[in-house]
Amino acid sequence: MGLPEERGRNGSGSGGREEAGAGGRARSWSPPPEVSRSAHVPSLQRYRELHRRSVEEPREFWGEIAKEFYWKIPCSGPFLQYNFDVTKGKIFIEWMKGATTNICYNVLDRNVHEKKLGDKVAFYWEGNEPGETTQITYRELLVQVCQFSNVLRKLGIQKGDRVAIYMPMILELVVAMLACARLGALHSIVFAGFSAESLCERILDSSCSLLITTDAFYRGEKLVNLKELADESLEKCREKGFPVRCCIVVKHLGRAELGTGDSPSQSPPIKRPCPDVQISWNQGVDLWWHELMQEAGDEFEPEWCDAEDPLFILYTSGSTGKPKGVVHTVGGYMLYVATTFKYVFDFHTEDVFWCTADIGWITGHSYVTYGPLANGATSVLFEGIPTYPDVSRLWSIVDKYKVTKFYTAPTAIRLLMKFGDEPVIKHSRASLQVLGTVGEPINPEAWLWYHRVVGAQRCPIVDTFWQTETGGHMLTPLPGATPMKPGSASFPFFGVAPAILNESGEELEGEAEGYLVFKQPWPGIMRTVYGNHTRFETTYFKKFPGYYVTGDGCRRDQDGYYWITGRIDDMLNVSGHLLSTAEVESALVEHEAVAEAAVVGHPHPVKGECLYCFVTLCDGHSFSPTLTEELKKQIREKIGPIATPDYIQNAPGLPKTRSGKIMRRVLRKIAQNDHDLGDTSTVADPSVISHLFSHRCLTIQ
């Protein structure tokens, strides 16, 4: 797969480290010669030419790339049709409508049979404990996916059905999602750190026919009884009139009872001594994965799907508090994640790629599963956490598997920075060639540490900006081509046409700061919110008709580099995960002691942003450490541990306008102890502000 008019070129360009300048701006400089090793990535000048062409002629550009994939029925109609303007009718995006393919066939069957990669390792699996390891080849993965496709078909799952998946980072998770794709069912993966209530909400929203989960797993020192949470969720579903007919359970913690059989591709038994975990069993609903697989055939003809058929649903937080079911489709998503993976990470066949993200997030969908497999890559699948059993775990794994391309979150980088250089430099890391970041803007200090210490000043860093909704990278450097600036997402990827708008919706030229929008569709863009197309239109297209609105602020500097400045709407980015303030506020006011709540973001040295909550109590209730812990527990149960607030402040009153609207702008200032409040003439009761300042929580920056 090569870029149009670029196949066979050996591009080399400038790329390299940056020194942070004033205000986080940076000056670029030329790299050491070993940085520029790209066989795929064009030079910067050539990139600009190709990018211009990809935006001006998207049908021709992506049409050439589409020829690299298998189509049962090629596209014979219009390659791209769309409407981004709500004033002109329904919003829609259609790439290659009428063409049929199957993404599982493209990422597995073709690699095994046409490209002769059957014996190549698809995944090295690294468990929570350092001694728990295995691997699976492309051929073995194809067999297991076919077997599980037969399991699902036997249980009545058909094309268009929705299947919920609630699992840790084990090989069966990849098998399950690819089996769904093979038979045309939509997978809806829920991060295993989410609560039973969050899982229930997502099952109900898309009417999932079946749930796939695990008995239990370790996350560092912590034992998570996932089956217990799954049972609680299914009970909630039954109470709400939606009984899920079947729950498939992987015996992960109890693998030692099964033995590993003859297949080297099965995860090994857990080496850590397990306490007596009670796994409840619901007869007539629960089924063991291993028993179903023993009876399943190892061949399964793919379901040929229209390019615009839905591939999966992935829920992301919404500003209203109700998660949005983002829908991605087969054809466009396949093209986009395969292409972004290849060029952003400068993929070579001998690479070992490691994206540390959980598959429960879009990063894991695109750059653990679909993007790497579409390119025939070898990846690492990691079940554990960066600090267990010690803070050098990541670099130990890099050396163990000779990882060449490493992709992680700024949160992880900031966390590991705290422990200094020694845990990193005691490992070789000589295999590393490209480093990447994802999930949130990276601060220049963390960028420089990542480059200097982890990359030994020789690895380009690709700081990628994108969203669940975009499917793949939108703004990113290209390694070896783009001079780097710490904290900047650099330039748009091929086919991406960004603009910066002011409040009136006018495009700003040159150096500018405002709303980040995109002017035309790219193949990986979401197509709708599941079951609620009106919400899709309202959230992303209503504010500025004719544009996709990201919800992020952005600055473009004098060199044309883009800098993401943060969310403009009522969303928070905590450790790279988007959280809705409304969702957290709703969880708080469900407590009997809380009359009203307001949640804002506060800078955090590791997480980037954390939650600072203001709560107004009902009469008869008093604020106490016990109540604080109860409220944190309630949020963990309603949403999940990632939403646990760092600070909860008693607020007898909240700053409001005379019409009763809470002034979150003022609350953000109070949380940060910033007395420069700007215009407060619309505050109904100014005394509330001084009271909140004098009683604010002691915070760390």
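Just after helix 10 comes D346, a residue whose phi is positive, near 45°. In this predicted model, helix 10 itself runs over residues 330–344, and its 15 residues reach 21 Å from the first C-alpha to the last, close to the 21 Å expected at 1.5 Å a residue. The helix is also mostly covered, since 15 of its 15 residues are buried.

From there the reader may turn to the interior. In soluble globular proteins, nonpolar side chains tend to be buried together. Here the largest nonpolar core has 127 residues, and those with the most contacts inside it are F123, L141, F148, L178, I212 and I248. Helix 5, which spans residues 171–183, gives the most to this core, with eleven residues. Around I212, once its neighbours within four places in sequence are left aside, the contacts are F148, V163, A164, I165, Y166, M167, A176, I248 and W289. A second core, of 27 residues and separate from the other, includes I397, V403, Y450 and I461.

One annotation concerns a stretch of the chain that can be compared with the model. According to the unreviewed UniProt entry, residues 163–185 are covered by the annotation "transmembrane region". In the model, the end C-alpha atoms of residues 163–185 lie 7 Å apart, and the span is 57% helix and 17% strand.

Confidence remains to be considered. The protein averages a pLDDT of 89, and 90% of the residues score at least 70. Over residues 6–37, however, pLDDT stays under 50, although the model has 90 contacts beyond four places in sequence for these residues.

Terms used
Residues are numbered from 1 along each chain as its sequence is written. This is a predicted model: local features need pLDDT of at least 70, side-chain atom pairs count only at pLDDT 80 or more; totals for chains, interfaces and linings use all residues. Side-chain values use heavy atoms; hydrogens and water are left out. A nonpolar core is a set of buried Ala, Val, Leu, Ile, Met, Phe, Trp, Tyr and Cys residues joined through side-chain atoms within 4.5 Å. Buried means under 20% relative accessible area, exposed over 50%, partly exposed in between (1.4 Å probe, protein chains only). Helices (H or I, at least four residues) and strands (E, at least two) are DSSP runs, numbered from the N terminus. Contact means heavy atoms within 4.5 Å. UniProt positions are given in the numbering used here, feature names are shortened, and annotations may be inferred rather than shown by experiment. pLDDT is the predictor's confidence in each residue, from 0 to 100. The expected span of a helix is 1.5 Å times one less than its number of residues.
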